[in-house]
Each structure stands twice: as C-alpha cells, then as structure tokens.
Amino acid sequence: MSRLSIRGVGRTFPGVNRGAPTLALQPTDLEVADNDFITILGPSGCGKSTLLRIVAGLDTPTQGEVRLDREPVRGPGAERGMVFQSYTLFPWLTVRENICFGLREKGMAPAQQAEIAARFIAEVGLLGFEGHYPKQLSGGMQQRVALARALANDPKILLLDEPFGALDNQTRALMQELLLSIWELHRKTVLFVTHDVDEAIFMANRCVVFSARPGRIKNELAIDLAYPRHYTVKTTPRFSELKAVVTEDIRAESLKTAQMER
Ligand code: ADP
C-alpha cells in the first residue's frame with residue numbers, strides 16, 4: 001500500500017495583470033511507499049517545489065488529489081515535516097526551543113518535550129549548542145536544527161526542498177550523510193527535491209526525473225545501490241552508470257529550458 005498517493009496532480013497559476021496563466025505542473029502521478037527515499041530531480045522552474053508545496057498542503061492543486069495514508073491532504077499538518085532551502089528557524093528562539101516548537105503547540109508536557117529535543121539534538125550532532133540562537137550558528141548547523149525540528153514531530157513523511165542548496169560542497173556532503181544515517185535509523189518516508197544529480201543518486205532508492213516546464217515525470221529510476229551507503233559509493237562503476245543516465249536526461253531537459261528562455 002502507498003503511504004503517499006499523488007494522482008493526476010496539476011497546477012496552473014493565474015496570469016498577472018490579465019497575462020497568460022502559467023502551467024507549472026502537468027497532471028502527475030506518483031506512488032510513494034512506506035520507507036521510500038525518493039528524490040525529485042529536474043531543471044529550474046519545472047514545478048518540483050510546486051509539487052512539494054502541494055504535498056505539504058501549502059498550495060492547492062488545480063486538478064488531482066494527494067492522499068497520505070488514504071486521507072486527502074487539505075492543508076498543512078504535523079504528520080508532514082518540511083525542511084526548506086532558506087533558513088526557517090525562529091530567530092528569537094534557541095536551538096532547543098526551535099526543536100520543541102511543534103511539540104509545545106501540541107500541548108506536550110515540558111519534560112517529554114525536553115527528552116525528545118535532547119535525543120534529536122544528539123542525533124544531528126548539536127550537543128552543546130542547545131542554548132544558542134540561530135544567528136550564532138553556521139548555515140549547516142541551522143539546517144541540522146531544521147531537520148531535528150521536523151523529526152521531533154515524528155512525521156509520517158519528510159518533505160525536503162533543496163535543504164542543502166545554500167551550503168558549501170563539503171558541508172553539503174556531510175549533511176547528505178547525516179540525513180541518510182537518520183533515514184536508515186528511523187526508516188522515515190522521504191520526498192527530497194534537488195537539482196543536484198550526485199545528491200539525487202547518493203541518497204535515493206528511487207529517483208524521479210522531471211521534464212522541463214511544464215513539468216511532468218519524464219523518467220523514474222530504481223537506484224540499486226546497497227544501503228547503508230558510504231560516501232565512497234560515489235566512486236563506484238554503478239554510481240557512474242546511474243549518473244550517466246540521469247545526467248543525459250537532465251541535460252536534455254535543461255537545454256529545452258534554455259531554448260524556451262531565449
Ligand atoms: P522548481 O522548483 O522546479 O524550480 P517551481 O515549482 O518553483 O519550479 O515553479 C514552476 C513554475 O511555476 C515556474 O515557472 C514559476 O515561475 C511558476 N510559479 C511558481 N509559483 C508561482 C506563483 N505563486 N505564481 C505564479 N507562478 C508561479
């Protein structure tokens with residue numbers, strides 16, 4: 001049974017000042033099984049974020065339907081944990097308070113909140129930073145807090161939109177490994193949007209490649225690399241083969257985007 005069911009989901013944005021509407025996403029179908037780690041890869045502007053925002057309940061599709069455990073998605077909910085590229089922590093709250101935010105909203109007892117926060121602070125490697133404010137942290141550390149905050153709510157699915165896109169390459173690689181180790185430990189279901197081919201292959205068990213705008217699923221690849229994955233997998237022949245297939249797909253789509261923009 002699918003954990004998440006995306007059926008015929010499409011989105012058209014109305015035109016501004018009587019301009020033509022923008023077809024951002026063609027009707028799209030995607031079935032996400034429990035424990036899947038799916039990466040959505042595509043050129044800029046192909047509708048990846050639009051689809052993720054619809055799954056998060058932050059936007060409404062013009063057609064189709066999203067169901068999580070058979071329940072239609074009609075708005076945001078704690079059972080879907082979201083991490084964005086931009087740093088979205090509350091600047092006036094400490095690391096611990098940011099992580100506890102959703103738990104406090106749920107009315108959880110403070111002792112239980114503290115216990116959960118301590119567990120995830122340790123898991124994302126932030127011991128000793130509990131009392132720091134976001135501005136006192138590096139970008140990578142802020143994204144660790146965002147991840148811990150999302151996980152603390154024990155969501156059914158994690159939705160990540162280019163969460164490591166603003167980080168330098170070294171930090172980004174470490175964050176990928178951290179997320180993978182957390183996924184391997186908790187076996188969460190993950191939907192991860194990226195435009196980075198290596199990132200998409202390294203973490204996923206399935207990689208979905210989007211076409212140029214208006215986006216649709218162009219190709220779907222099973223990433224048959226064994227877990228647990230170590231960063232050295234990136235230098236194996238199988239990784240290179242998968243990368244060649246995906247790079248070819250994505251290059252063709254990026255060229256179409258470039259031609260449309262000329
Ligand atoms: P991606 O995440 O793949 O880069 P997006 O989903 O952000 O792409 O955007 C897809 C298309 O929809 C783009 O052409 C973008 O300009 C358009 N779009 C996104 N959000 C809106 C909006 N709120 N209003 C109008 N157009 C939008």
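**Close-up views of a predicted model**

**View 1. Met260 is found in helix H7.** The model shown here, and in every view below, is predicted. Is Met260 buried, exposed or partly exposed? Its relative accessibility is 47%, so Met260 counts as partly exposed. Exposed would need over 50%. Set aside the neighbours within four places in sequence, and Met260 is in contact with Ala212 and Arg213. Now look from Met260 to Lys218. These two residues are 42 residues apart along the chain. Their C-alpha atoms are separated by 18 Å.

**View 2. Eleven residues surround the ligand, as listed here: Phe13, Ala24, Pro43, Ser44, Gly45, Cys46, Gly47, Lys48, Ser49, Thr50 and Arg213.** Arg213, one of these residues, is also a contact of Met260 from the view above. Which element gives the largest share of the shell? Helix H1 does, with three residues. Polar atoms of the protein lie beside oxygen atoms of the ligand. A backbone N or O atom of Gly45 is 2.7 Å from one such oxygen. For Gly47, a polar backbone atom is 3.0 Å from an oxygen atom of the ligand. Thr50 uses its side chain: a polar atom there lies 2.5 Å from a ligand oxygen. How much of the ligand does the protein bury? Taken alone, the ligand exposes 560 Å², and the protein buries 60% of that.

**View 3. Thr50 lies in helix H1, which spans residues 48-56.** Thr50 has a relative accessibility of 12%. That is under the 20% cut-off, so Thr50 counts as buried. Which residues does Thr50 touch, beyond its neighbours within four places in sequence? It is in contact with Arg11, Phe13, Ala24 and Asp59. Among them, Phe13 and Ala24 are also residues around the ligand.

**View 4. Phe90 and Phe101 form an aromatic pair, and a search of the whole structure finds six such pairs.** The two rings are 4.6 Å apart, centre to centre. Their planes make an angle of 45 degrees, and the pair is tilted. Where do the two residues sit? Phe90 is in the loop between strand S6 (80-83) and helix H2 (95-105). Phe101 is in helix H2 itself. The two are eleven residues apart, and the pair links distant parts of the chain. Phe90 counts as partly exposed because its relative accessibility is 22%. Phe101, at 25%, also counts as partly exposed.

**View 5. The rings of Trp183 and Tyr227 form a tilted pair.** Their centres are 4.7 Å apart. Their planes stand at 55 degrees, so the pair is tilted. An edge-to-face pair would need over 60 degrees. Trp183 belongs to helix H5 (residues 169-186). Tyr227 is in the loop between strand S10 (217-222) and helix H7 (237-261). The partners are 44 residues apart, and their pair links distant parts of the chain. Which partner is buried, and which is partly exposed? Trp183 has 2% relative accessibility, so it counts as buried. Tyr227 has 24%, so it counts as partly exposed. Both rings belong to one aromatic cluster, together with Phe37, Phe164 and Phe192.

**View 6. Charged ends sit over the rings of Tyr227 and Phe202.** Over Tyr227 sits the charged end of Arg229, 3.9 Å from the ring centre. Over Phe202 sits the charged end of Lys234. Here the distance to the ring centre is 4.5 Å.

How values were computed:
Residues are numbered from 1 along each chain as its sequence is written. This is a predicted model: local features need pLDDT of at least 70, side-chain atom pairs count only at pLDDT 80 or more; totals for chains, interfaces and linings use all residues. Side-chain values use heavy atoms; hydrogens and water are left out. Rings of Phe, Tyr and Trp (its six-membered ring) pair if their centres lie within 6.5 Å; planes under 30 degrees apart count as stacked, over 60 as edge-to-face and the rest as tilted. Helices (H or I, at least four residues) and strands (E, at least two) are DSSP runs, numbered from the N terminus. Buried means under 20% relative accessible area, exposed over 50%, partly exposed in between (1.4 Å probe, protein chains only). A charge sits over a ring if NZ of Lys or CZ of Arg is within 6 Å of the ring centre and within 35 degrees of the ring normal. Contact means heavy atoms within 4.5 Å. A residue is near a molecule or strand if one of its heavy atoms lies within 4 Å of it. A polar contact is a pair of N or O atoms within 3.5 Å; within protein, one must be able to donate a hydrogen and the other to accept it, and residues adjacent in sequence count only if both atoms are side-chain atoms. Accessible areas come from the Shrake-Rupley method with a 1.4 Å probe; for residues, only the protein chains shown count as cover.
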